[in-house]
Amino acid sequence: MGQRIHFVVDPQGWCCMGLIIFVWLYNTIFIPKVILFPHYEEGNISVVAVLCYYFCSLFCIASLFRASVADPGKLPENPKIPITERERWELCYKCNMMRPKRSHHCSRCGHCVRRMDHHCPWINNCVGEDNHWLFLQLCFYTQILSSYTLILDFCHYYYFLPLKKENWDVFVFRHELALLRISAFMGLIILGGISRLFYTQLMGIFTDTTSIEKMSNCCEDISRPRKPWQQTFSEVFGTHWKILWFIPFRQRQPLRVPYQFANHV
């Protein structure tokens with residue numbers, strides 16, 4: 001089951017996503033050139049540290065691009081409603097179409113999205129049922145990459161041995177301190193913002209509620225059965241294999257939800 005491409009025409013989203021790509025590109029270019037490669041050549045760090053940084057960087061940008069172009073769960077114009085599930089569908093008064101319960105109409109994209117969590121300008125896309133797992137991976141690997149970058153910035157000045165030879169790049173050598181200060185500043189800003197967002201996303205999965213449902217206070221149904229956290233995470237990531245929750249290079253397969261856990265919100 002291939003994942004459909006979804007492209008949102010939104011200049012504001014393009015600017016936000018372009019800023020994220022700039023920060024990623026900045027650290028991917030200058031951190032290895034200023035810290036990793038010079039210290040590796042002089043034996044201060046191992047090749048494992050260099051490879052780990054590039055793996056984190058690759059997984060981060062892969063999850064970003066996949067989350068931004070993946071179909072979040074857009075409903076077709078004439079959906080076929082199974083007879084056994086008709087009671088779980090409702091009418092959207094904005095686009096005048098039938099949709100499953102827990103769907104939401106995105107005013108920015110102009111259509112309904114299944115189990116929509118929110119519209120994120122940083123990926124220029126909605127976060128819904130089909131790309132929520134990619135958005136979680138993006139938050140996770142962004143935290144890892146930002147933390148790794150901050151640790152390298154700190155170790156370069158306070159832990160690693162001084163470099164014996166000058167950097168061959170004149171621009172990098174002359175502006176080394178400024179480059180690392182900019183890197184540390186961006187790392188702190190992104191780590192602080194993403195950590196808070198990632199925490200709210202995890203709490204939403206644990207409680208089986210979306211961000212929109214929390215804001216509208218429509219999930220106070222005490223009689224609703226509470227799912228185990230393994231079940232809710234497996235539904236989001238599309239697999240019960242926990243190791244696959246961390247891999248962005250795969251296709252998500254929707255899991256069948258037991259009827260006793262059906263959420264009638």
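Here is a short conversation about a predicted model, taken region by region.

Visitor: Let's start with the strands. In which sense do strand 1 and strand 2 pair, and over how many bridges?
Guide: Strand 1 covers residues 89-92, and strand 2 covers residues 97-100. Within this pairing, E90 stands opposite R99 of strand 2. The sense is antiparallel, and the number of bridges is four.

Visitor: Which residue in the hairpin of strand 1 and strand 2 takes a positive phi?
Guide: Look at the link between the strands, which has four residues. One of the residues there has a phi near 55°. That residue is N96.

Visitor: Which residues does UniProt list under "transmembrane region", and how much of residues 12-31 is helix in the model?
Guide: The unreviewed UniProt entry lists residues 12-31, 43-65, 138-159 and 179-199. Over residues 138-159, the model has 95% helix and 0% strand, with end C-alpha atoms 30 Å apart. For residues 12-31, the end C-alpha atoms lie 29 Å apart and strand makes up 0%, while the helix share is 100%.

Visitor: Which helix gives the largest share of the nonpolar patch?
Guide: The patch is on the surface, has an area of about 670 Å², and is made by Y40, V47, V48, L51, F55, L58 and F249. F55, for one, has its place in helix 2. Five residues of the patch come from one element, residues 47-69, and that is helix 2.

Visitor: Now for the second largest pocket. Which helix gives the largest share of its lining?
Guide: This pocket holds about 600 Å³ of space. Its lining has 27 residues, and the closest to the centre are I20, W122, T142, I190 and I194. Two or more lining residues come from each of helix 1 (11-41), helix 2, helix 3 (132-158) and helix 5 (176-206). With nine residues, the largest share belongs to helix 5.

Visitor: How far apart in sequence are the parts that the pair E213 and R102 ties together?
Guide: The structure holds eight salt bridges. In one of them the side chains of E213 and R102 meet, at 2.8 Å from N to O. E213 lies in helix 6 (residues 211-216) and R102 in the loop between strand 2 and strand 3 (104-106), so the parts tied together are separated in sequence by 111 residues.

Note on methods
Residues are numbered from 1 along each chain as its sequence is written. This is a predicted model: local features need pLDDT of at least 70, side-chain atom pairs count only at pLDDT 80 or more; totals for chains, interfaces and linings use all residues. Side-chain values use heavy atoms; hydrogens and water are left out. Two strands pair if DSSP finds at least two bridges between them. UniProt positions are given in the numbering used here, feature names are shortened, and annotations may be inferred rather than shown by experiment. Patches are made of residues with over 30% relative accessible area and no salt bridge: like charges are joined within 9 Å, nonpolar side chains (Val, Leu, Ile, Met, Phe, Trp, Tyr) within 5 Å. Accessible areas come from the Shrake-Rupley method with a 1.4 Å probe; for residues, only the protein chains shown count as cover. A salt bridge is a side-chain nitrogen of Lys or Arg within 4 Å of a carboxyl oxygen of Asp or Glu. On a 1 Å grid over the protein atoms alone, a cavity is a set of points where a 1.4 Å probe fits but cannot get out, and a pocket is an open set with protein on both sides within 12 Å along at least five of seven lines; lining residues have an atom within 4 Å of a point. Grid points are joined across faces, edges and corners, and a volume is the space filled by probe spheres set on the points.
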